[in-house]
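Me: I am new to this structure, and I would love a friendly tour of one part. Please take a close look at any empty space shut up inside.

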Amino acid sequence: MPPGQDHAFRLWKQAGYRTGLIGKNHRFTSASDRASFDIWCEIGHGGLPFDPIHTRQHGLVSLHRGDPRCPCHTAQHAAPEVRAGYAVTDYPLEDQFHRPHHRGALEEFGNQPFALWVSYPDPHEPWEALRQYAEMFPPEKIELPPARADEFSDGTAPERNRVLYEILGMDDDSQEDIYGVLGCYYGMTRFVDDGVGQILEALDRLGLRENTIVVFCADHGDFAGEHNMTTKGGVFYDCLTHVPLIVSWPGHFAAGVRDASMVNLVDVVPTLLHHQGIPVPRSMHGELLPTVTEAAPREATFSEYGAGGPLFHMDDLAKLPKPYGRAALMRSLRWREAEGRRKMVRTPHWKYVHDPMGDLDELYDLVNDPWELTNVAADLAHAPVIAEMRGHLADWSINTEDSPPVPLPEAVYYEFE
């Protein structure tokens with residue numbers, strides 16, 4: 001984030017809240033941002049902290065390996081069984097991020113107003129699940145998503161999608177490995193479910209549940225066999241963009257209500273600030289969530305990817321060694337993340353993706369093709385739908401295109417040997 005940017009934890013800290021971050025952190029890197037936190041325990045996807053010991057400046061409580069509240073693996077206990085980029089491990093459960101280390105933070109906050117961000121690294125590659133969780137999902141319990149054999153070869157898929165399929169496609173993987181990686185993925189997801197349950201139990205035990213708003217969400221989804229891929233990339237299929245969002249506040253929000261409105265994660269912070277009586281900065285583009293506020297339902301939601309950088313073509317991918325897989329995914333990541341100016345609009349019936357830099361548009365009929373296997377953007381019969389969806393994108397862009405351009409990656413990321 002740019003220095004000095006208004007963000008939720010800075011606002012909460014200014015309003016007198018005790019604050020904490022436990023888990024994954026992709027955003028707060030400057031000293032001024034870290035000063036917004038009273039408790040800090042950062043952990044990456046590999047299970048170890050990026051920066052295990054932090055200064056105690058500004059009253060920060062720093063957790064580190066060996067601290068009983070720190071969620072990091074404390075030792076390597078067993079060599080994992082590794083096949084095709086996934087692993088089943090025998091680490092003790094008590095050494096995992098899963099254990100109730102959150103209690104230490106909640107108890108330290110006491111009865112003071114607090115904002116705690118618990119960001120689970122799971123489920124995320126590298127796919128590594130505890131054996132007891134992976135074994136909950138044997139092949140007979142896993143149903144593979146439907147596929148279309150010529151989805152990426154019939155000329156209807158944008159090049160960015162075809163590039164990703166060349167990197168992540170599972171055509172050469174055995175059925176054993178496909179079911180193995182999905183079993184790990186579902187096991188990691190169940191692992192998170194149990195951890196969230198522990199947080200709720202701690203809130204109940206400490207008498208905080210009735211006066212605490214709990215938000216459960218994910219920063220992105222993954223390919224879990226959809227489009228014959230695993231992991232993720234900068235495309236807009238629902239398996240990547242349609243993420244969980246659960247908001248709970250007993251006695252204030254109705255329980256068990258599922259709202260089908262089109263919303264976005266940028267709506268979460270303005271909604272929380274609204275309920276806390278904290279003014280929402282004009283720089284925040286989110287709107288109030290329906291159901292948990294008086295806001296009306298919305299018919300469309302949006303996503304975007306890319307910073308206007310040069311497109312990454314199949315010819316660029318061909319410069320990398322085969323087999324592609326994770327090595328090619330990471331070597332091309334910065335280029336592919338910045339490429340193009342792709343924008344998506346989704347309604348309950350349709351999804352439309354447009355890139356003004358020249359790649360093919362996408363249009364999916366989500367009612368008749370919920371797995372998004374057939375791009376019908378070139379079908380002239382759908383021209384009125386595309387016109388309507390472009391109108392949604394234009395209105396949204398007018399309201400959000402007011403920030404300085406995002407810097408592009410350094411030249412080294414565009415130089416393949």
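Reply: Accessible areas here come from the Shrake-Rupley method with a 1.4 Å probe, and for residues only the protein chains shown count as cover. By that method the protein chain exposes about 21,200 Å², with 53% of it supplied by carbon and sulfur atoms. This is a predicted model, where local features need pLDDT of at least 70 and side-chain atom pairs count only at pLDDT 80 or more, while totals for chains, interfaces and linings use all residues. Residues are numbered from 1 along each chain as its sequence is written, and side-chain values use heavy atoms, leaving out hydrogens and water.

Of the chain's 417 residues, 47% count as buried (under 20% relative accessible area, with a 1.4 Å probe and protein chains only). C41 is one that counts as buried, because its relative accessibility is 1%. The chain has 12 helices and 15 strands, taken as DSSP runs (H or I, at least four residues, for helices; E, at least two, for strands) numbered from the N terminus.

Now for the inside. There are 5 cavities of 30 Å³ or more, each a set of points on a 1 Å grid over the protein atoms alone where a 1.4 Å probe fits but cannot get out. Let us look into the second largest, which holds about 70 Å³ of space; that volume is what probe spheres set on the points fill, with points joined across faces, edges and corners. Its lining (residues with an atom within 4 Å of a point) is made of R160, V163, L164, G234, V235, Y305, R336, E339 and R342. Helix α5, residues 159–168, gives the most to this lining, with 3 residues.

Technical notes. 1 Å grid on protein atoms, 1.4 Å probe; cavity = no way out; pocket = protein on both sides within 12 Å on 5 of 7 lines; lining within 4 Å. Buried < 20%, exposed > 50% of the residue type's maximum accessible area, 1.4 Å probe, protein only.
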